[in-house]
Amino acid sequence: MYITIILLLHLTAALIPLSNWQTQTQVKQSTFIQWPEQFQGLPITPLPMTNEEIGFSQGFPGKIGRFSDGKREIIFRYIDHLSRKVHPSADCLRGAGYQVEPQAISRDKNQQLWGCVIATQGSQTYRVCERIHDQSGNSWYDTSSWFWSVLLKNSQGPWWAITVAEQI
């Protein structure tokens with residue numbers, strides 16, 4: 001009996017910090033300025049959003065933009081507060097019917113880490129890589145690490161989530 005009470009007290013104490021996580025981690029609403037004009041040294045042009053992307057953007061905690069550098073599709077997600085609406089691109093790909101195979105973490109020419117997957121549907125195969133970063137130089141190659149870092153107040157927004165898809 002006493003052990004049950006002690007366990008319940010410990011569990012309650014452990015959950016208290018998470019009980020109103022949404023209001024505790026809200027950052028001041030930042031003002032979105034504009035989308036980048038280039039990515040990794042290449043000019044980018046806006047692409048129209050798909051119907052799925054338009055639907056997903058409803059209630060998204062920021063803005064979503066879709067671009068191309070002529071070879072790759074780049075999706076920028078400007079995030080102004082913590083939300084479960086920010087999830088890995090692999091989840092979207094699986095939902096769209098792609099087979100997704102995780103790849104090793106990759107490092108670009110600027111030494112930035114990216115989480116990557118190979119996504120295949122029929123005869124089309126893409127390498128899809130993503131990362132999230134804040135204005136203070138913090139970065140994450142997976143959404144879960146970003147979420148917990150923000151929840152534990154190790155980062156403040158706004159954040160940029162960047163997804164790059166290249167046909168292979």
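This talk walks through one predicted model, from its overall make-up to its cores, salt bridges, largest pocket and a few backbone details.

Let me start with the chain as a whole. Its secondary structure comes to five helices and 11 strands, and of its 168 residues, 36% are buried. If we take the contacts between residues at least 6 apart in sequence, 55% of them join residues that are at least 24 apart. The accessible surface comes to about 10,500 Å², and carbon and sulfur atoms account for 55% of that area.

Now to the interior. As a general matter, nonpolar side chains in soluble globular proteins tend to be buried together. In this model the largest nonpolar core has 13 residues, and the members that touch the most other members are Ile79, Leu82, Val86, Ile132, Trp146 and Trp159. Two elements give two or more residues to this core, namely helix α5, residues 143-151, and strand β11, residues 159-167, and of the elements it is α5 that gives the most, with four residues. Apart from this core lies another one, of 12 residues, which includes Ile44, Phe67, Trp114 and Cys116.

I would like to stay a moment with Ile79. Which residues does Ile79 touch, if we leave out those up to four places away in sequence? The list runs to Phe60, Pro61, Val86, Trp146, Pro158, Trp159 and Ala161. Two of these names, Trp146 and Trp159, we have just met among the core members that touch the most others, and Pro158 will come back when I turn to the backbone.

Helix α5 also holds a polar residue that deserves a look, Ser149. Ser149 has a relative accessible area of 11%, and therefore counts as buried, the cut-off being under 20%. Beyond residues up to four places away in sequence, Ser149 touches Trp140, Asn154 and Ser155.

Next, the charged side chains. Side chains of opposite charge can pair when their charged atoms come close, and the structure holds five salt bridges. I will go through three of them.

In one of them, Arg66 pairs with Glu53, with the closest N and O atoms 3.8 Å apart. Arg66 lies in strand β4, residues 62-68, while Glu53 lies in helix α3, residues 51-57, so this pair ties together parts that are 13 residues apart in sequence. Both Arg66 and Glu53 are buried. The pair does not stand alone, since Glu53, Arg66 and Glu73 are linked in a network of salt bridges.

Another salt bridge joins the side chains of Asp69 and Arg72, at 2.7 Å from N to O. Are these two partners buried or exposed? Asp69 is buried, at a relative accessible area of 14%, and Arg72, also at 14%, counts as buried as well.

The remaining one I have chosen is formed by Arg94 and Asp91, whose side chains meet at 3.4 Å, N to O. Both residues sit in helix α4, residues 89-95, and they are three residues apart, which is about one turn of the helix. Here the partners are partly exposed, with a relative accessibility of 44% for Arg94 and 39% for Asp91.

That brings me to the largest pocket, which holds about 790 Å³ of space. It is lined by 25 residues, and those closest to its centre are Glu53, Glu73, Ile75, Cys92 and Leu93. Glu53 and Glu73 are familiar from the salt-bridge network with Arg66. The elements that each supply at least two residues of the lining are α3, β4, β5 (72-79), α4, β9 (124-134) and β11.

Finally, the backbone. Most residues other than glycine have a negative phi, and most peptide bonds are trans. Against that background, three places are worth inspecting on the screen.

The peptide bond from Gly157 to Pro158 is cis, with omega near 5 degrees, and Pro158 lies in the loop between α5 and β11. Pro158 is also one of the residues that Ile79 touches.

Gln40, although not a glycine, has a positive phi of about 50 degrees. Gln40 lies in the loop between β1 (38-39) and β2 (42-43), and at 32% relative accessibility it counts as partly exposed.

Gln111 likewise has a positive phi without being a glycine, in this case of about 65 degrees, and its place is the loop between β7 (106-107) and β8 (113-121).

How values were computed: Residues numbered from 1 in each chain as written. Predicted model: local features only at pLDDT ≥ 70, side-chain atom pairs only at ≥ 80, totals over all residues. Heavy atoms only, no water. Core = buried A, V, L, I, M, F, W, Y, C linked by side-chain atoms within 4.5 Å. Buried < 20%, exposed > 50% of the residue type's maximum accessible area, 1.4 Å probe, protein only. Contact = heavy atoms within 4.5 Å. Salt bridge = Lys/Arg side-chain N within 4 Å of Asp/Glu carboxyl O. Areas by Shrake-Rupley, 256 points an atom, 1.4 Å probe, with all protein chains shown as cover. 1 Å grid on protein atoms, 1.4 Å probe; cavity = no way out; pocket = protein on both sides within 12 Å on 5 of 7 lines; lining within 4 Å. Points joined across faces, edges and corners; volume = space filled by probe spheres on them.
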